[in-house]
Amino acid sequence: MLREFLALARQAGPDLDGSGQSPSLRPDRSKECPIASSPAHPAAAIPARLDRLPWSRFHWLVVVALGITWILDGLEVTLAGSVAGALRESPVLQFSASDVGFANSAYLVGAVGGALFFGWLTDRWGRKRLFSITLGLYLLATAGTAFSWDLPSFAIMRFFTGAGIGGEYSAINSAIQELVPARRRGWTDLVINGSFWVGAALASGASIVLLDPRVIDPEYGWRIAFFGGATIGLFILWLRRFLPESPRWLATHGHADEAERVIDGIERRIEAEGHHIPDYPPVEAHVHARKSTPMGEVFRALFHTYPKRTFYCLVLMAAQAFFYNAIFFTYAMMLTDFYSVPSGQVGYYILPFAAGNVLGPLLLGRLFDSWGRRPMIILTYSISGLLLAATGFAFEAGHLTATTQTLCWSVTFFFASAAASAAYLTAAENFPLEMRALAIAVFYALGTLLGAVAPWVFGLLIESGSRGQVLIGYLFGAALMLVAAIVTLFYGVAAERRPLEDVARPLSWAPSGDVGGEKK
């Protein structure tokens, strides 16, 4: 299987990167595109050409090569949680619970800064160029974490590791949205975001071995665990060589000919697999190519054209960020401090938790495309909040064991994982193409800033030894999720099965100063 996939990647490379001649276009004049403006421009047909493509091995290449980012993030975050006990017991580091929380918050703050900076660059330099830059930063920083000698060095390495992952979020989310057909965009995006927990499962399984003193000295084990992330990243860096730049981005940034060559290569590859590619409707729109989008135009779109969407996405991101970071970054400390679980055994308890998080988007994801975005976001956010509150009360009353606590968390995050993935999906598809990566970065950053304090705060609550104090933190996280569900009721956008250009018209498709308006 792996050999066949690598062969596919090698074969896809030349066609997808722009070689070959352009085949004739096959427009179907029987239908009209819902987006119409001025005289036709060839680049305006590219979205319709991408959305009508049948699912193929090319799309699986996109899913694997780009979706692996979330596996890496899951690996990093889970390692940070799983090795918390080893870091506190380390004869070199000797961290306290609040030190662990501080280092984890440094990772999140780095992710915020990386998302903003690299998100800004992604919209200017393109999706593909940033793949290597952000992944390279991640590789260096996570390898550096393995050689940390005190709290400042550990926190700095975690900061830059987070910066690399944060930059990946912007570039990868925008690229996935722009390459996957509209009819599968919701499920694909949710499953890819949910793959975070595949990394979590890998990390928890590795921690069982690497933190077992009968196998290896835990002081070396946690260092090897972080270094392993860099090793996986090297393979991903090679695999991404075979991915094309987003034709949508190329077309709107003055590279229409290159966009044509890329999409021609994609179409040839899919036809060679034996798929039939249907005709696409004509698109009567004019593309005003641009090298970059002025920040003034970005802010006008965020706060004048789409103010409701801006508020809505911020609420979704903030709620899920606090909810997740508060629970997961302190997962190991909860088990060790309140249930006396040995630090080397924490991985066993993370495995079922990770399974619930993977299954949530996988099983619920298709409903986001069929039933719709708004009802599913309301359902997943509200159920997550209610289940966390119920778990908090049971914990405070002393009714739970380490096993039942883990089962409660697993059921809660079955729904919360789909909810969190939907937040990234919403932020990515609700704003124009020219500012998509930066929009993702802005909402991720603002939401995560609230979430960044959660590990530190919960570390202090756990350190107090008071179940009542921990319950207060649980209830606050639950309340945020319920508020997000209520906001969705009023401001949710029905983006299911709609082309990205219909959900939010590109800035370059309209006369200067006219970027469309909000539409539910």
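Select helix H19, residues 436–463, which gives the most to a nonpolar surface patch, with five residues. Helices here are DSSP runs of H or I with at least four residues, numbered from the N terminus. Now add the residues that make the patch: Phe102, Leu450, Val453, Trp456, Val457, Leu460 and Phe476, with an area of about 580 Å². A patch of this kind joins nonpolar side chains (Val, Leu, Ile, Met, Phe, Trp, Tyr) within 5 Å, taken from residues with over 30% relative accessible area and no salt bridge. Accessible areas come from the Shrake-Rupley method with a 1.4 Å probe, and for residues only the protein chains shown count as cover.

The model is predicted: local features need pLDDT of at least 70 and side-chain atom pairs count only at pLDDT 80 or more, while totals for chains, interfaces and linings use all residues. Residues are numbered from 1 along each chain as its sequence is written, and side-chain values use heavy atoms, with hydrogens and water left out.

Stay on helix H19 and pick Val457. Is Val457 buried or partly exposed? Val457 has 32% relative accessibility, so it counts as partly exposed. The cut-offs are under 20% relative accessible area for buried, over 50% for exposed, and in between for partly exposed (1.4 Å probe, protein chains only).

**Tyr107**

Move to helix H5, residues 97–125, and select Tyr107. Tyr107 is buried, at 2% relative accessibility. Now add Ala155, which is 48 residues from Tyr107 along the chain. The C-alpha atoms of Tyr107 and Ala155 are separated by 7.3 Å.

**Aromatic rings**

A pair of aromatic rings is described by the distance of the centres and the angle of the planes. Rings of Phe, Tyr and Trp (its six-membered ring) pair if their centres lie within 6.5 Å; planes under 30 degrees apart are stacked, over 60 edge-to-face, and the rest tilted. The count by this rule is 17 aromatic pairs. Start with Phe117 and Phe118: their ring centres are 5.2 Å apart and their planes stand at 65 degrees, so the pair is edge-to-face. Phe117 is partly exposed, at 45% relative accessible area, whereas Phe118 is buried, at 9%.

Next, select Tyr324 and Phe413. Their ring centres are 4.9 Å apart and the planes are at 70 degrees, so this pair is edge-to-face. Tyr324 belongs to helix H14 (residues 307–328) and Phe413 to helix H18 (residues 402–429), so the pair links distant parts of the chain, 89 residues apart. Tyr324 and Phe413 are both buried. Add Phe323 and Phe353 to the selection, and you have one aromatic cluster with Tyr324 and Phe413.

One more ring to look at is that of Trp187. Arg366 lies over its face, 4.1 Å from the ring centre. A charge sits over a ring if NZ of Lys or CZ of Arg is within 6 Å of the ring centre and within 35 degrees of the ring normal.

**Salt bridges**

Side chains of opposite charge can pair when their charged atoms come close. A salt bridge is a side-chain nitrogen of Lys or Arg within 4 Å of a carboxyl oxygen of Asp or Glu. How many salt bridges are there by this rule? The count comes to 12.

Select Glu267 and Arg49, whose side chains meet in a salt bridge at 2.8 Å, N to O. Glu267 is in helix H12 (residues 256–272) and Arg49 in helix H2 (residues 46–51), so this pair ties together parts 218 residues apart in sequence. Both ends are buried: Glu267 has a relative accessible area of 3%, and Arg49 has 1%.

Helix H2 also holds Asp51. The side chain of Asp51 meets that of Arg248 in a salt bridge of 3.3 Å, N to O. Arg248 lies in helix H11 (residues 247–252), so the pair ties together parts that are 197 residues apart in sequence. Arg248 and Asp51 are buried.

Now select Arg57 and Glu273, joined by a salt bridge of 3.6 Å, N to O. Arg57 is in helix H3 (residues 57–82), and Glu273 is in the loop between H12 and helix H13 (295–305), 216 residues apart. Arg57 is partly exposed, at 45% relative accessible area. Then select the network in which salt bridges that share partners join Arg49, Arg52, Glu260, Asp264 and Glu267.

**The last stop**

In the loop between H12 and H13, select Thr293. Thr293 is buried, at 4% relative accessibility. Add Ser508: the two residues are 215 residues apart in sequence and 9.2 Å apart in space, C-alpha to C-alpha.

Key:
Helices (H or I, at least four residues) and strands (E, at least two) are DSSP runs, numbered from the N terminus. Patches are made of residues with over 30% relative accessible area and no salt bridge: like charges are joined within 9 Å, nonpolar side chains (Val, Leu, Ile, Met, Phe, Trp, Tyr) within 5 Å.
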